[in-house]
Amino acid sequence: MLLKPRHTRTRIALAVAAALASSTAATAWAQTVQEITVTAQKRAQPLQEVPIAVTALTAQDIQNRELEDVSDLSGLAPNLMVSKTPGNSTASQIAIRGGVTTNPALFWDTAVGIYVDGVYIGKTQGSIFKLLDLERIEALRGPQGTLYGRNTLAGAINFVTRKPLGEFAAEASVGIGTDSERILKASIDLPSSGALKLGVGLRQEKRDGWVKTKPGSSVSDLNGADETSFRLAATLAASKDLSFDYRFDHSKIDQSPTHSQLVRSDLPFLKDFVFTTRQKTAAVDGELFEIAKIQGHTVSADLAFGVSDRLKLIVSSRSMTWEDALDLDGSPLLVAHTQRLSDYDQSSVELQWTGSRAGLNYVAGLYRFEDEGFTNNPQKYFFGTFNFDSRYGFTTESNAVYGQADYQIQPNLTVTAGLRSTREKKSITRTLGFNAALGAPFIPLVPAGTSAEETFSATTPMVSLGYKLNADQQLYARYSEGFKSGGFNGEYGVVNPTPEGIASNVKEVKTPFKPETQQSVEVGLKSRILNGKGTLN
């Protein structure tokens, strides 16, 4: 499959940003580097003092680079690569230090955790949606199993949106590009109403498909875009010590998928549809669409008590309907047509306690996560001679308790240690069968009602030492572990309709795959150089 390069609009924007950066270089040289505050360890800390390999991007960085979703982050941090899964544009493949999950099927868990305002985004399907009013992005590299827990085997990415300003402010922009692309963005903050502050954001994008289809095709074009995103943010200061935040995000996508262009085939009847150079026209016959409806609610309460202690409660729920239909052979022949019709719901509750005492900083928490999903995956192959009915459903119940503390042994030496205990129960239901022609008798391969469940658990420690050489340089050494629980293969099935073959399929569906674990040792240096005008990490 070949991918289209960036649109003209984006290339122009990057060129302007580069020119501005060059023209202001002399001015910037006389200034110190802006100190960035991050929450990589669940509490606010200067970036240069956090003993983790983390890259942080400020609101200005985000605006200058036009970063709007996780797919824009590839290459912005060392060892971070992001791509879209083949055939669609709303599922991501994120790799950090080589750790990656490439299959977007809902029963797979991610190797890199994505968090929006502290809420974990459970799956790669539907993980590419526009995020409005971003204040900061943090990319944490290496296992984050102590503070972030499950499925942060390779690292974690934090998206932090800004709080409402409490005064009237409005910003809007219109963008145009090739293939009739038009983008409208607007953000409005309303004046405070007593202790309540409100802000809203809206983004709409439409673009014609840049692959046009020939007469008789099932759709008029491919590789199009049609997406609307909305965000509501509210903050309520109930007292000087207690505040509440509410976040709502909604994204609706209804567009044509990516063209599956053939670059090689050993089948003689497909040779006329094989092209090794990028094609802007295509002939397709399968039903083609990419539809996603994603929305989330998050309520958090923050209570300050004692001298320096805080309790934070984060309650969230997210839902997703995600559907696509692909003509995998990229031709006007019925060779390989497939659909994925999925529904997914998740909810989580996290209670955090942070504080400090005379050289000691600590964070502790309780976490619960639940999800459930279902995918109907009908498939047709080779002129309708194999028609599969493939379905699976799953559930997850995850509970964890964690704690981490750092203690300043000497003015220049700090030790940090943490531990997390996770217990996770997963289940699967599976149905698979086929017929040899449309209307022919159905032949089961995995009988309806096949199900299984299993429980997985892990303890993930972390310990690090930080040594300040001077006010501008810090060495650190860190050992950490990550955990990704096992599960069940919801797409397994071998075409062998004999009793032995069916029994083998059922056995494989009910046999869980093992968890993944990782142990990581890291040594790093963080430093300010040139009298604070630069950093070298």
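**View A. Strands 4, 5 and 6 form an open sheet in this predicted model.** The sheet has 3 strands, in the order 4-5-6, and the pairing is antiparallel. Strand 4 (80–84) and strand 6 (99–100) are the edge strands. Each of these two pairs on one side only. Strand 5 (residues 92–96) runs antiparallel to strand 6, and 2 bridges join them. I96 has G99 of strand 6 as its bridge partner. Strands of a sheet pair through backbone hydrogen bonds.

**View B. Strand 21 pairs with strand 20.** Strand 20 covers residues 309–327, and strand 21 covers residues 336–357. The two are antiparallel, with 18 bridges between them. Look for W322: S342 of strand 21 stands opposite.

**View C. Strand 21 also pairs with strand 22.** Strand 22 spans residues 360–376. Here 17 bridges link the strands, again in the antiparallel sense. V349 faces R368 of strand 22 as its opposite residue. The hairpin of strand 21 and strand 22 has 2 residues between the strands. In this hairpin, A358 takes a positive phi near 35°.

**View D. Strand 23 joins strand 21 through 3 bridges.** Strand 23 is made up of residues 379–381. It runs antiparallel to strand 21. A336 stands opposite Y381, a residue of strand 23.

**View E. T213 is a buried residue of strand 14.** The strand takes in residues 211–213. T213 counts as buried because its relative accessibility is 16%, and the cut-off for buried is under 20%. The T213 side chain reaches two backbone oxygens. The backbone oxygen of V219 is at 2.4 Å. That of S220 lies 2.9 Å from a polar atom of the T213 side chain. Not counting residues up to four places away in sequence, T213 touches V219, S220, D221, L222, A282 and V284.

**View F. R162 sits in a loop between two strands.** The loop lies between strand 10 (155–161) and strand 11 (169–177). R162 is partly exposed, with a relative accessible area of 21%. Leaving aside residues up to four places away in sequence, R162 touches D133, E135, S187, D189, R231 and R247. One of these, S187, makes a side-chain polar contact of 3.3 Å with R162. F305 is 143 residues from R162 along the chain, and the C-alpha atoms of the pair are 24 Å apart.

**View G. Helix 4 lines one face with its buried residues.** The helix has 12 residues, 499–510. At 1.5 Å a residue it should span 16 Å. Its end C-alpha atoms are 17 Å apart, which agrees. The buried residues are G501, I502, N505, V506 and V509. Seen down the helix axis, the buried residues fall within an arc of 135°, so they line one face of helix 4. An α-helix has 3.6 residues a turn, so residues three or four places apart point the same way.

**View H. The buried residues of helix 4 pack against two strands.** The partners are strand 25 (413–435) and strand 26 (443–470). What does helix 4 carry on the face turned away from its buried side? That face holds the exposed residues P499, E500 and K507.

How values were computed:
Residues are numbered from 1 along each chain as its sequence is written. This is a predicted model: local features need pLDDT of at least 70, side-chain atom pairs count only at pLDDT 80 or more; totals for chains, interfaces and linings use all residues. Side-chain values use heavy atoms; hydrogens and water are left out. Two strands pair if DSSP finds at least two bridges between them. Helices (H or I, at least four residues) and strands (E, at least two) are DSSP runs, numbered from the N terminus. Buried means under 20% relative accessible area, exposed over 50%, partly exposed in between (1.4 Å probe, protein chains only). A polar contact is a pair of N or O atoms within 3.5 Å; within protein, one must be able to donate a hydrogen and the other to accept it, and residues adjacent in sequence count only if both atoms are side-chain atoms. Contact means heavy atoms within 4.5 Å. The expected span of a helix is 1.5 Å times one less than its number of residues. The arc is that of the directions from the helix axis to the C-beta atoms.
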